[in-house]
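Biologist: Could you take me through one aromatic spot in this structure and show me what surrounds it? I am new to this one, so please explain each term as you go.

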Amino acid sequence: MPIPPSLDRRSAAIAAADLLGAAARSGTPCAPVRDLIGADDVAAAYAVQELLTAERIAAGAEVVGRKIGLTSPAVQQQLGVDQPDFGVLFDDMRYRQDTPVPLSRLLQPKVEAEIAFVLAYDLVDGPLDDEQVRSAVGYAVAALEIVDSRIAGWDITFGDTVADNASSGLFVLGAERRTLDAFDPVSVQMQMAIDGVHVSTGTGAACLGDPLHALAWLARTTREFGRPLRAGQIVLSGALGPMAAIAGPATVTADITGLGSVTANFIQE
């Protein structure tokens, strides 16, 4: 849907950012923003994300990395898109495994198991192909991404989720660090359970064919946006299997071959 004639692109982005920001602060999901910015206008959606990112930084948040979303062909088909998206990871989004995650911080959370890459080198210059990207990875760990949506009922299109920081919520990293000499991301097997009940299985190949392909895509795309990946940053690869909703207090554990396990404990305050 095009931007309403009463709004220019900048005004539409500001209006969408105001809606999403208010939803995050109030804990009450808002209506979709696609009527303001369009359902598939990539530039408009990332403009909203940039406004919200600048607002978070101005309030004292620190960017610690990026997340990749829409890496599953099935999800891409569902939203009618043919590309992944990305969002920003801030320092206050990270929870340690031994720190309970308060459900009050979330609106309508879902959880998915991923690989987290921690970069040893900048990804700024060069072809940013698979070989260069692989060489830039310092180590990897098992990760849980807690995705969330500020949009009521997860009623989202591509434009909605990109604007909403790629539906980012929180994340938890595992303790076991592995270099890429020690395991092959594309070959990993994943199992995720909630309170001991298996809810998701998957493989590295489910993530854009190879999690390293997803990382290379992100490196090129963020450079195009003028926000290249830097040494020390964390990159969440995208889901290795289906996400699962968190309906109340629960313990989520994911086991990923070669990377060990990662656990998040959700509590009701």
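Modeller: Let's start at Tyr46, which is buried, with a relative accessible area of 4%. Buried here means under 20% relative accessible area, exposed means over 50%, and partly exposed lies in between, using a 1.4 Å probe and protein chains only. Please keep in mind that this is a predicted model: local features need pLDDT of at least 70 and side-chain atom pairs count only at pLDDT 80 or more, while totals for chains, interfaces and linings use all residues. Residues are numbered from 1 along each chain as its sequence is written, and side-chain values use heavy atoms, leaving out hydrogens and water.

The structure holds three aromatic pairs. Tyr46 and Phe86 form a stacked one, 4.7 Å centre to centre with 25° between the planes. Rings of Phe, Tyr and Trp (its six-membered ring) pair if their centres lie within 6.5 Å; planes under 30 degrees apart count as stacked, over 60 as edge-to-face and the rest as tilted. The two partners are 40 residues apart, with Tyr46 in helix α3 and Phe86 in strand β2. Helices (H or I, at least four residues) and strands (E, at least two) are DSSP runs, numbered from the N terminus.

Phe86 is buried as well, with a relative accessible area of 5%. Its ring and that of Phe225 have centres 5.6 Å apart and planes at 80°, so this pair is edge-to-face. Because Phe225 lies in the loop between α7 (211-224) and β10 (234-236), while Phe86 is in β2, the pair ties together parts that are 139 residues apart in sequence. Phe225 itself counts as partly exposed, at 35% relative accessibility. Together, Tyr46, Phe86 and Phe225 form one aromatic cluster.

Now follow the strand that carries Phe86. Strand β2 (residues 85-90) is mostly covered, with six of its six residues buried. Strand β1 (residues 63-69) pairs with β2 in the antiparallel sense over six bridges; two strands pair if DSSP finds at least two bridges between them. Among these residues, Lys67 has Gly87 in β2 as its bridge partner. Farther along, the charged end of Arg56 sits over the ring of Phe90, 4.5 Å from its centre. That wording requires NZ of Lys or CZ of Arg to be within 6 Å of the ring centre and within 35 degrees of the ring normal.

Lys67 also leads us to another strand. Its side chain makes a polar contact with the side chain of Glu145 (2.8 Å). A polar contact is a pair of N or O atoms within 3.5 Å; within protein, one must be able to donate a hydrogen and the other to accept it, and residues adjacent in sequence count only if both atoms are side-chain atoms. Glu145 lies in strand β6 (residues 137-147) and is buried, with a relative accessible area of 1%. Leaving aside neighbours within four places in sequence, the residues in contact with Glu145 (heavy atoms within 4.5 Å) include Lys67, Lys110 and Phe171. Lys110 has a ring partner too: its charged end sits over the ring of Trp154, 4.7 Å from its centre.
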